[in-house]
Amino acid sequence: MVACLDSGKKKADAMLGEILVTVEKLKWTIQHGEKALRPERRPTNFLMMYKHNEVRWEPLGVLAACVSW
């Protein structure tokens, strides 16, 4: 397994600590990703009540990866 060769972990540790966690995160993203990235309306103050605020989530891609060894 690549995870074992890359990190030096045993197969059981790699399965529980890396592979299963990654699979669970991917499952959550597939199930909830569209809802989580949907534009959101935000409240405004009294002076700006004729306007509306909206947050649009736009992924930028991978910016950095911090990994432990």
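These legends describe close-up views of a predicted model of one protein chain.

**Figure 1. Overview of the predicted chain and its elements****.** The protein chain has two helices and two strands. Read from the N terminus, the order is α-α-β-β. Helix α1 covers residues 2-7, and helix α2 covers residues 11-36. Strand β1 spans 40-42, and strand β2 spans 53-55. The accessible surface of the chain is about 6900 Å². Carbon and sulfur atoms contribute 62% of that surface. Of the 69 residues, 6% are buried. Among contacts with a separation of 6 or more, 3% join residues 24 or more positions apart.

**Figure 2. Confidence along the chain****.** The mean pLDDT of the protein chain is 83. A score of at least 70 is reached by 86% of the residues. Confidence is lowest in helix α1, with a mean of 67. Confidence is highest in strand β2, at 94. Where pLDDT is low, the predicted coordinates should not be read in detail.

**Figure 3. A salt bridge within helix α2: Lys27 and Glu24****.** The side chains of Lys27 and Glu24 meet in a salt bridge, at 3.5 Å from N to O. Both residues belong to helix α2. They sit three residues apart, about one turn of the helix. Lys27 is partly exposed, because its relative accessibility of 41% falls between the 20% and 50% cut-offs. Glu24 is also partly exposed, at 46%. Side chains of opposite charge can pair when their charged atoms come close.

**Figure 4. The Glu40 to Arg42 salt bridge****.** Glu40 forms a salt bridge with Arg42. Their closest N and O atoms lie 2.9 Å apart. Glu40 is partly exposed, with a relative accessibility of 29%. Arg42 is partly exposed too, at 41%. The structure holds three salt bridges, counting this one.

**Figure 5. The Arg56 to Glu54 salt bridge****.** Arg56 pairs with Glu54 in a salt bridge. The closest N and O atoms are 3.0 Å apart. Arg56 is exposed, because its relative accessible area of 55% is over the 50% cut-off. Glu54 has 37% relative accessibility and counts as partly exposed.

**Figure 6. Arg41 and its contacts****.** Arg41 is placed in strand β1. Which residues does Arg41 touch, not counting those up to four places away in sequence? They are His52, Asn53 and Glu54. Arg41 and Glu54 are 13 residues apart along the chain, yet their C-alpha atoms are separated by 4.4 Å. Is Arg41 buried or exposed? Arg41 is exposed, because its relative accessible area of 60% is over the 50% cut-off.

**Figure 7. A nonpolar surface patch around Phe46****.** Five residues build this patch: Phe46, Leu47, Met48, Met49 and Tyr50. Together they present about 670 Å² of accessible area on the surface. Where does Phe46 lie? Phe46 is in the loop between β1 and β2. Phe46 is exposed, with a relative accessible area of 65%. That value is over the 30% needed for a patch residue, so Phe46 meets the accessibility cut-off.

Methods:
Residues are numbered from 1 along each chain as its sequence is written. This is a predicted model: local features need pLDDT of at least 70, side-chain atom pairs count only at pLDDT 80 or more; totals for chains, interfaces and linings use all residues. Side-chain values use heavy atoms; hydrogens and water are left out. Patches are made of residues with over 30% relative accessible area and no salt bridge: like charges are joined within 9 Å, nonpolar side chains (Val, Leu, Ile, Met, Phe, Trp, Tyr) within 5 Å. Accessible areas come from the Shrake-Rupley method with a 1.4 Å probe; for residues, only the protein chains shown count as cover. A salt bridge is a side-chain nitrogen of Lys or Arg within 4 Å of a carboxyl oxygen of Asp or Glu. Helices (H or I, at least four residues) and strands (E, at least two) are DSSP runs, numbered from the N terminus. Buried means under 20% relative accessible area, exposed over 50%, partly exposed in between (1.4 Å probe, protein chains only). pLDDT is the predictor's confidence in each residue, from 0 to 100. Contact means heavy atoms within 4.5 Å.
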